[in-house]
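Colleague: Please take a close look at one part of this model for me. I would like the main nonpolar core and the backbone around it.

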Amino acid sequence: MAETPSEHGKQQEPGLLSKIVRLLTDNDIYRSFFRTGYPDTLLKRMAVMRSSFVMHILPTKVGTHGLKLGYTWCMGGITFFLFLMLTLTGVILMFYYVPEESRAFTDMKDLKFMVPYGMILRNMHRWAAHAMVFSVIVHMARVFYTGSYKAPRQFNWVVGVLLLTLTLLLSFTGYLLPWDQLGFWAVTVGTNMASATPFIGFEGPFSEFLGVRIDNDIRFAIIGGTRIGANALIRAYVWHCVALPLIASALMVFHFWRVRKDGFSGPL
């Protein structure tokens, strides 16, 4: 802080408070944390956002319309919150569940009747999964309805479609894990539809020309056999708990980064 000249041209000594402020702010430690100085201008505030490890993923500048809650209720943010809830409750559920034919169903019953608050935990995971499918669909419908998929956000729209597909796959693979009649037959019907895929399904068109059989088609690759059994259960478990969440997380990071670059299309 510079010394101020007095009325007679002499340099006035800084006060005690000014000396303390200079001592605290005029050093390398302070500048390592606050590199842009006090953010009293728009450029400095934007520089703070860019240089922050936590905040750099957010846009450096947001219009006032982007902070107003609209009729879509911030469905993208709600979807991300539900994903975090599913991740947390899913990790806890993994402590009480073993993906084996002889234990999967009984583990679900133990979780319901033996584990403290197990029923609440499982229902939180179950209803959050249903809500995430709903919120993603509403979010996509809002983006389409408002034309937010157009340039410059067309690439982020494609990423959103991939995230919608991953959300449905997460729901489908989780259907089998309770190993009850509902999940068993639902996955049986779903995977039988895959056997009718052209070229790669043994019941699909042109499969005979490529030598596709029941033991080497796409359905066999999905469930690890010709029927729903132990291999299908372990594959659904790995896809549901490891592979699909990792892919979805990577795409979400990219999705948020594109939102930061392109800006919000309208009210949340």
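Modeller: Here is the core, followed by the backbone details. This is a predicted model: local features need pLDDT of at least 70, side-chain atom pairs count only at pLDDT 80 or more, and totals for chains, interfaces and linings use all residues. Residues are numbered from 1 along each chain as its sequence is written, and side-chain values use heavy atoms, with hydrogens and water left out.

A nonpolar core here is a set of buried Ala, Val, Leu, Ile, Met, Phe, Trp, Tyr and Cys residues joined through side-chain atoms within 4.5 Å. Buried means under 20% relative accessible area, exposed over 50%, partly exposed in between (1.4 Å probe, protein chains only). The largest core has 17 residues. Y97, L176, L177, W179, I228 and L233 touch the most other members. Helix 5 (104-113) and helix 10 (230-262) each supply at least two residues. Helices are DSSP runs (H or I, at least four residues), numbered from the N terminus. Helix 10 gives the largest share, four residues.

Now W179. Leaving aside neighbours within four places in sequence, W179 is in contact (heavy atoms within 4.5 Å) with E101, A104, F105, F184, I228, G229 and L233. W179 counts as buried because its relative accessibility is 16%. W179 sits in the loop between helix 7 and helix 8 (181-194). Its phi is positive, about 60°, though W179 is not a glycine. Most residues other than glycine have a negative phi.

Apart from this core lies another, of 15 residues, including A128, L163, L244 and L251.
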